[in-house]
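Colleague: Can you take me through this one? I have some questions on odd backbone spots, helix packing and salt bridges.

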Amino acid sequence: MNKALTLTAAVLALAACGQTQQNKQSAPADITPNVRTLVTSKQTVSVDNTYSVTLQAFAVNNIAPQASGRIISVKAEIGDYVRKGQILAEMDRANLDQAELQLKNAESELARTKALYEKGGVSKSDYETVELNYKVRQSACKNLRDNTVLKSPLDGVITARNYDQGDMYSMSQPLFVVQQITPLKALVSISEKDYSLLKKGVKAEIVPEALPGKTFAGQVALIHPTIDPATHTVTAEIHIPNAARELRPGMYGSAKVIFGSVSRILIPDSAIVKQQGSGVKTVFVLGADNTVELRVIELGRHLDDRYEVLSGLEEGETVVTSGQSALRNGTKVNVLE
């Protein structure tokens, strides 16, 4: 009998505990959650993207004569900054001296024949033959001069010298390599989704790793005419003035291409509810009766502590920025000031 009473008491006690626990679990449902909110508005933000780049010379020239020969003098060294037309080296002049003598003789013959032709002493065809011979000699002499006295075709820096004075040039590699570094250029692969924003003259900011804390201005100067079907990108060429010649070809860094500005809704990180495992981003939108609607949104760039909203929200709607953990779709809330 005592055992029966004891069992009955235990069952009643357990039921009482269960009822108490049920009351505790259901009690929060009667409490209106407190939230804080933000009214969305559009703001003007810069549209830009950052790319990894390696700087390149604007132009590269290999300086070499047309034929093999003895190098008589070398007048520039690696690292020298040279001007357009500056003499870099001189080759053996034997062939050039002979060509200049032949040109001088051809010039004298042309002058004599022209005088006779003007007096009727020679035919027009004879005069034209002599004139043609002079022009051929003149062209050959110029070609030999260009390949004997080697000059820089541009303003730039000597980045390679492969022969010494007195060497026999063997045509295996150039005597000099001259690279134009004012300006420099950088090639960037722009996503095709940004193609419509890409225009000549679009500004860019170059930040080289070798020069921490320094930013160099540039702009898009050339856009390749086709889109790569494998990567869905288009190549753009950025030119950087580099007037102080601080930048060098081969430097690695980043290029921020600034396409322009747009008006976008921005919301704080705290307003976004991430659906675990799905990558879906949502927010709670406050309705007129203080009930919330769970809304899927599409986000753009992360700007400091805010995100761009590309779709899913309209300007002037109110989103919940804190207190989301207690909310479900359709929950009625109390908005804190």
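Modeller: Keep in mind that this is a predicted model. A place to begin is proline 183, which sits in strand β10 (residues 176–191).

Colleague: What is the peptide bond from threonine 182 to proline 183, cis or trans?

Modeller: That bond is cis, and its omega is near 10 degrees.

Colleague: Which residue has a positive phi of about 55 degrees although it is not a glycine?

Modeller: Asparagine 242 does. Its place is the loop that runs between β13 (233–240) and β14 (252–268).

Colleague: Is asparagine 242 buried or exposed?

Modeller: Buried, because its relative accessible area is 5%, and the cut-off for buried is under 20%.

Colleague: And what about the phi of asparagine 290?

Modeller: Asparagine 290 is not a glycine either, yet its phi is positive, at about 65 degrees. This residue is in the loop between β16 (281–286) and β17. With a relative accessible area of 28%, asparagine 290 counts as partly exposed.

Colleague: Which residues does valine 333 touch, leaving out those up to four places away in sequence?

Modeller: Asparagine 290 is one of them. The others are Thr32, Pro33, Val35, Leu286, Val292 and Leu327.

Colleague: Where does valine 333 lie?

Modeller: In the loop between β19 (318–322) and β20 (334–335). Valine 333 has a relative accessible area of 3%, so it is buried.

Colleague: How far is valine 333 from proline 208, C-alpha to C-alpha?

Modeller: The separation is 51 Å, with their positions 125 residues apart along the chain.

Colleague: Switching to helices. How do α2 and α3 cross?

Modeller: The axis of α2 (residues 94–118) comes within 9 Å of the axis of α3 (residues 124–146), and the crossing angle is roughly 155 degrees. That makes the two helices roughly antiparallel, because angles over 145 degrees are counted that way.

Colleague: Which hand is the crossing of α2 and α3, left or right?

Modeller: Left-handed. The contact between α2 and α3 is made up of 11 nonpolar, five polar and nine charged residues.

Colleague: Now salt bridges. How many are there?

Modeller: The count comes to 16 salt bridges. One of them is in helix α3, between lysine 142 and aspartate 146. The N to O distance there is 2.9 Å.

Colleague: Why are lysine 142 and aspartate 146 about one helical turn apart?

Modeller: Because they are four residues apart in helix α3. Lysine 142 is partly exposed, at 49% relative accessibility, and aspartate 146 is partly exposed too, at 41%.

Colleague: And the bridge between aspartate 194 and lysine 193, are the partners buried or exposed?

Modeller: One of each: aspartate 194 is buried at 8% relative accessibility, while lysine 193 is exposed at 62%. Their side chains meet with an N to O distance of 3.6 Å.

Colleague: Which residues are joined into one network by salt bridges that share partners?

Modeller: Asp48, Arg264, Arg301 and Glu308. Within that group, arginine 301 bridges to aspartate 48, and the closest N and O atoms are 3.5 Å apart.

Colleague: What parts of the chain does that pair link?

Modeller: Distant ones: arginine 301 belongs to strand β17 (residues 292–303) and aspartate 48 to strand β2 (residues 42–54), with 253 residues separating the two in sequence.

Notes
Residues are numbered from 1 along each chain as its sequence is written. This is a predicted model: local features need pLDDT of at least 70, side-chain atom pairs count only at pLDDT 80 or more; totals for chains, interfaces and linings use all residues. Side-chain values use heavy atoms; hydrogens and water are left out. Axes are lines fitted to C-alpha atoms, for helices over the stretch in contact, and angles run from 0 to 180 degrees between N-to-C directions. Angles under 35 degrees count as roughly parallel, over 145 as roughly antiparallel, 65 to 115 as roughly perpendicular and the rest as oblique. A crossing is left-handed if the near helix is turned anticlockwise from the far one by less than a right angle, and right-handed if clockwise. Ala, Val, Leu, Ile, Met, Phe, Trp, Tyr, Cys and Pro count as nonpolar, Asp, Glu, Lys and Arg as charged, and the others, Gly among them, as polar. A salt bridge is a side-chain nitrogen of Lys or Arg within 4 Å of a carboxyl oxygen of Asp or Glu. Buried means under 20% relative accessible area, exposed over 50%, partly exposed in between (1.4 Å probe, protein chains only). Contact means heavy atoms within 4.5 Å.
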